[in-house]
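Colleague: I am new to this structure and should be grateful for a close look at a single part of it. Please begin with one residue and work outwards from there.

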Amino acid sequence: AEATDVHVVASQFQAQYYDVMCNNPQQARLFYYDESVVSRCHPISLAPIVPAMGLASIHTALTESVLAHSRCTVHSLDAQAAPGGILVMVTGSVMCKDDAAPRPFVQSFYLIERKQSYYVRNDVHRFTERPAIPVPPAPPASAAAVSVAGTSTPPLQRPALAAANGAAPLPATPSADPAVLQAVAASPV
C-alpha cells in the first residue's frame, strides 16, 4: 500500500472504530476475526489485563470496556505500511461516565488486509494517566466542634493520635495523589 493510501485507510478506520465503540459497542466485534488479540490496561491501576483472544472473549472485553458508551477525542493518528497490513497508532482522550475529566490514552492497531478490506489483528489500548480522584472540600474554619443533638464533639485528632502512636502525622491538606492516598489509608489510626 502506498503511503497516502495507508493514511487514508487509517483515518477512515479510526473514525469508524471510535464511532462504533462510543455509540454501539455491541457491533465493535465486527472489526475483529477469531485470531485477533485485544489488550487493555486496568482503568484505575493501569496494570495490564490478560489479553482477550477469540471473538467471544473480544466481544466481552469490548462491551465491558470503559470506551463503550463514552466520548472519545482523537488528538493524533500515525500509520505505517507493515507486512500484510497497516500499523496504526492513535493518541486521544476519553470522557468516561465515572471520570471527572477526560483521560488521555494511546491505542495501537495492526490492521490486516483480507478480502479487499481490513480487520484488526492486534489492538492494544492503554490509559497514560490514572483517573483524577476528587478531593472533598475542607470543612469551614468555624467547624472546630460539631454539635449533635445538644452534645459537643471535639474535632478529629487523627494527626496527633498517629504521631503519638509513632506514625508520621497526616498532611493537613488532603492529596489527590493515589500513592499518598494509599499511604494514608494504610497508616494506623
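Modeller: His125 lies in strand E6 of this predicted model. With a relative accessibility of 3%, His125 falls under the 20% limit and therefore counts as buried. Leaving out residues up to four places away in sequence, His125 touches Ser39, Arg40 and Cys41, as well as Leu67 and the run Phe105, Val106 and Gln107. Several of these contacts lead to other parts of the model, and they are taken up below.

The strand that carries His125 belongs to a sheet. Here 6 strands form an open sheet, and their order across it is E2-E1-E6-E5-E4-E3, with mixed pairing. The edges are formed by strand E2 (52–53) and by E3, each of which pairs on one side only. On the E2 side, strand E1, made up of residues 32–39, is joined to E2 by 2 bridges, and the two strands run antiparallel. Within this pairing, Val38 has Ala52 of E2 as its bridge partner. Helix H2 lies across E1 and E2, and its direction makes an angle of about 45° with E1.

Helix H2 also holds His59. Whereas His125 is buried at 3%, His59 has a relative accessibility of 26% and so counts as partly exposed. Apart from neighbours within four places in sequence, His59 is in contact with Gln26 and Arg29. The C-alpha atom of His59 is separated by 9.1 Å from that of Leu30, a residue 29 places away along the chain.

A further histidine, His69, is placed in the loop between helix H2 (55–63) and strand E3 (71–82). Its backbone is notable for a positive phi, near 60°, in a residue other than glycine. A positive phi is also found at Lys115, where the value is near 55° and the residue is again not glycine. Lys115 sits in the loop between strand E5 (103–114) and strand E6 (117–127), and the second of these strands is the one that holds His125. Because its relative accessibility is 71%, Lys115 counts as exposed.

One of the residues touched by His125 is Phe105, and this contact leads to the aromatic side chains. The count of aromatic pairs comes to 9. In one of them, Tyr18 and Phe105 have their ring centres 5.9 Å apart and their planes at 50°, a tilted arrangement. Tyr18 is part of helix H1 (residues 3–23) and Phe105 part of strand E5, so this pair ties together parts of the chain that are 87 residues apart in sequence. Both residues of the pair are buried. Tyr18 also pairs with Phe109: the ring centres are 6.5 Å apart and the planes meet at 70°, so this pair is edge-to-face. Here too distant parts of the chain are linked, since Tyr18 in helix H1 and Phe109 in strand E5 are 91 residues apart. Tyr18 has a relative accessibility of 5% and so counts as buried, while Phe109 is buried with a relative accessible area of 1%. Tyr18, Phe105 and Phe109 belong to one aromatic cluster, together with Phe13, Tyr17 and Phe31.

Two further rings have an arginine over the face. Arg103 lies over the face of Phe127, at 3.9 Å from the ring centre. Arg114 is placed in a similar way over the face of Tyr33, at 4.1 Å from the ring centre.

Cys41, another residue in contact with His125, leads to the cysteines. Cys41 is counted as buried because its relative accessibility is 5%. Cys96 is in no disulfide, and the nearest cysteine sulfur, that of Cys72, is 7.6 Å away. A disulfide requires two cysteine sulfur atoms within 2.5 Å, so this distance does not qualify. Cys96 also counts as buried, because its relative accessibility is 8%. The count for the model comes to 0 disulfides.

To return to the starting point, His125 is a buried residue of strand E6, and its contacts include Cys41 and Phe105. Through Phe105 the description reaches Tyr18 of helix H1, and through strand E6 it reaches the open sheet.

Terms used: Residues are numbered from 1 along each chain as its sequence is written. This is a predicted model: local features need pLDDT of at least 70, side-chain atom pairs count only at pLDDT 80 or more; totals for chains, interfaces and linings use all residues. Side-chain values use heavy atoms; hydrogens and water are left out. Buried means under 20% relative accessible area, exposed over 50%, partly exposed in between (1.4 Å probe, protein chains only). Helices (H or I, at least four residues) and strands (E, at least two) are DSSP runs, numbered from the N terminus. Contact means heavy atoms within 4.5 Å. Two strands pair if DSSP finds at least two bridges between them. Axes are lines fitted to C-alpha atoms, for helices over the stretch in contact, and angles run from 0 to 180 degrees between N-to-C directions. Rings of Phe, Tyr and Trp (its six-membered ring) pair if their centres lie within 6.5 Å; planes under 30 degrees apart count as stacked, over 60 as edge-to-face and the rest as tilted. A charge sits over a ring if NZ of Lys or CZ of Arg is within 6 Å of the ring centre and within 35 degrees of the ring normal.
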